[in-house]
Amino acid sequence: MRLLLVEDEHDIQTFLRNSLTEAGYQVDVASDGKKAEALALEAPYDILIVDLGLPDIDGISLILRLRQIGVTAPVLILSARRSVDDRVRGLEHGGDDYLTKPFALAELLARLRNLLKRNSPAGNEATRLHVLDLELDLLRREATRSGQILQLTPQEFVLLEYLCRNAGRVVTRSMILDKVWGMRIQPDTNVVDVHIYRLRGKVDARGQQPLIRTLRGVGYVLKDR
Ligand code: CA
């Protein structure tokens with residue numbers, strides 16, 4: 001399980017890194033929001049622990065930012081802010097659980113396990129999507145084509161997942177904006193085109209049958225046969 005720990009207090013950071021590694025997590029550490037965002041863009045995490053008082057950005061703003069760039073993994077907020085207002089605010093803005101400092105390690109570990117359990121699809125729900133030779137592992141957030149791993153950003157993965165779930169059907173730019181970026185109106189932006197372009201460069205590499213089709217002026221369709 002890959003875990004991103006966003007914490008600027010050195011002692012807590014060291015303690016948690018060691019304890020979580022011992023508990024079997026593969027831990028990456030960020031001391032500020034900028035580093036956290038860069039790491040999250042590089043590779044998908046299964047779960048995140050986020051402190052609220054960070055040197056460069058408030059933890060809540062960071063979580064919102066991470067959600068915007070496609071991070072869907074559960075977030076445990078770990079903060080010295082104890083008021084009901086703070087906790088409600090954290091939970092309403094993308095946090096999945098909230099633990100106040102000082103904390104007991106056993107409780108932190110139990111909460112992480114709960115979040116991971118809650119987040120993993122129930123037994124009968126698909127954890128993999130297949131479209132022709134494309135395969136998406138929804139738990140590991142990993143995509144492969146003909147067995148080759150595609151190096152996708154978290155947002156590209158979300159976009160590809162949406163195309164796969166609608167394989168064979170046309171999806172319009174505004175549908176993609178709505179589902180992937182959470183924007184209801186269609187702003188004057190080429191964000192969808194840019195991301196499709198990059199995604200196509202990875203999915204439809206040279207020499208492979210192109211799967212992502214553009215229907216000019218309409219949208220896109222992922223071929224399923
Ligand atoms: Ca702090």
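Modeller: Let's start with the word donor: an N, O or S atom counts as one if it sits within 3.2 Å of a metal such as Ca. Keep in mind that we're looking at a predicted model.

Biologist: Fine. What makes D8, D51 and G53 donors of the calcium ion?

Modeller: Distance. D8 (OD), D51 (OD) and G53 (O) lie 2.2 to 2.4 Å from the calcium ion, and the cut-off for Ca is 3.2 Å, so these atoms count as donors. Along the sequence the spacing reads D-x42-D-x1-G.

Biologist: Why do you say that D8 and D51 tie together parts that are apart in sequence?

Modeller: D8 is in the loop between β1 (2-6) and α1 (10-22), whereas D51 belongs to strand β3 (residues 47-51), so the pair links parts 43 residues apart in sequence.

Biologist: Why is D51 called buried, and why does D8 only count as partly exposed?

Modeller: The relative accessible area of D51 is 3%, and buried means under 20%, so D51 qualifies. D8 comes out at 31%; partly exposed runs between 20% and 50%, so that's the label D8 gets.

Biologist: Next, the helices. How do you know that α6 and α7 are oblique to each other?

Modeller: Their axes come within 10 Å and cross at roughly 125 degrees. Roughly perpendicular ends at 115 and roughly antiparallel starts over 145, so an angle between those two limits is oblique. The α6/α7 crossing is also right-handed. On the α6 side, Q155, V158, L159 and Y162 make the contact, and on the α7 side M175, I176, K179, V180 and W181 do.

Biologist: What makes Q155 of α6 buried?

Modeller: A relative accessible area of 9%, set against the limit of 20%, so Q155 is buried. Leaving aside neighbours within four places in sequence, Q155 is in contact with Q68, I69, G70, V180, W181 and H195.

Biologist: Which residues have the most contacts inside the largest nonpolar core?

Modeller: L134, L136, L160, I176 and L222, in a core of 30 residues. Two or more residues each come from β6 (128-131), β7 (134-137), α6 (154-165), α7 (173-181), α8 (191-203) and β12 (219-222). The largest share is from α6, with seven residues. L222 touches V131, L134, L163, C164, A167, G168, L211 and I212, with residues up to four places away in sequence not counted. There's a second, separate core too: 21 residues, including L48, I63, L66 and V75.

Biologist: And R87 in helix α4 (residues 84-92): why does R87 count as partly exposed?

Modeller: R87 has 34% relative accessibility, which lies between the 20% and 50% limits, so partly exposed fits. Beyond four places in sequence, R87 is in contact with R82, Y98 and T100. The C-alpha atoms of R87 and D97 are 8.9 Å apart, with the two residues ten places apart along the chain.

Biologist: Any backbone oddities? What is the peptide bond from K101 to P102?

Modeller: It's cis, with omega near -5 degrees. P102 sits in the loop between β5 (97-100) and α5 (105-119). Most peptide bonds are trans.

Biologist: What makes you flag phi of R141 and phi of S146?

Modeller: Most residues other than glycine have a negative phi. Phi of R141 is positive, near 55 degrees, and phi of S146 is positive as well, near 50 degrees. R141 is in the loop between β7 and β8 (142-145), and S146 in the loop between β8 and β9 (148-150). S146 has a relative accessible area of 47%; exposed needs over 50%, so S146 stays partly exposed.

How values were computed:
Residues are numbered from 1 along each chain as its sequence is written. This is a predicted model: local features need pLDDT of at least 70, side-chain atom pairs count only at pLDDT 80 or more; totals for chains, interfaces and linings use all residues. Side-chain values use heavy atoms; hydrogens and water are left out. A nonpolar core is a set of buried Ala, Val, Leu, Ile, Met, Phe, Trp, Tyr and Cys residues joined through side-chain atoms within 4.5 Å. Buried means under 20% relative accessible area, exposed over 50%, partly exposed in between (1.4 Å probe, protein chains only). Helices (H or I, at least four residues) and strands (E, at least two) are DSSP runs, numbered from the N terminus. Contact means heavy atoms within 4.5 Å. Donors are N, O and S atoms within 2.8 Å of the metal (3.2 Å for Na, K and Ca); water is not among the atoms, so sites may look incomplete. Axes are lines fitted to C-alpha atoms, for helices over the stretch in contact, and angles run from 0 to 180 degrees between N-to-C directions. A crossing is left-handed if the near helix is turned anticlockwise from the far one by less than a right angle, and right-handed if clockwise.
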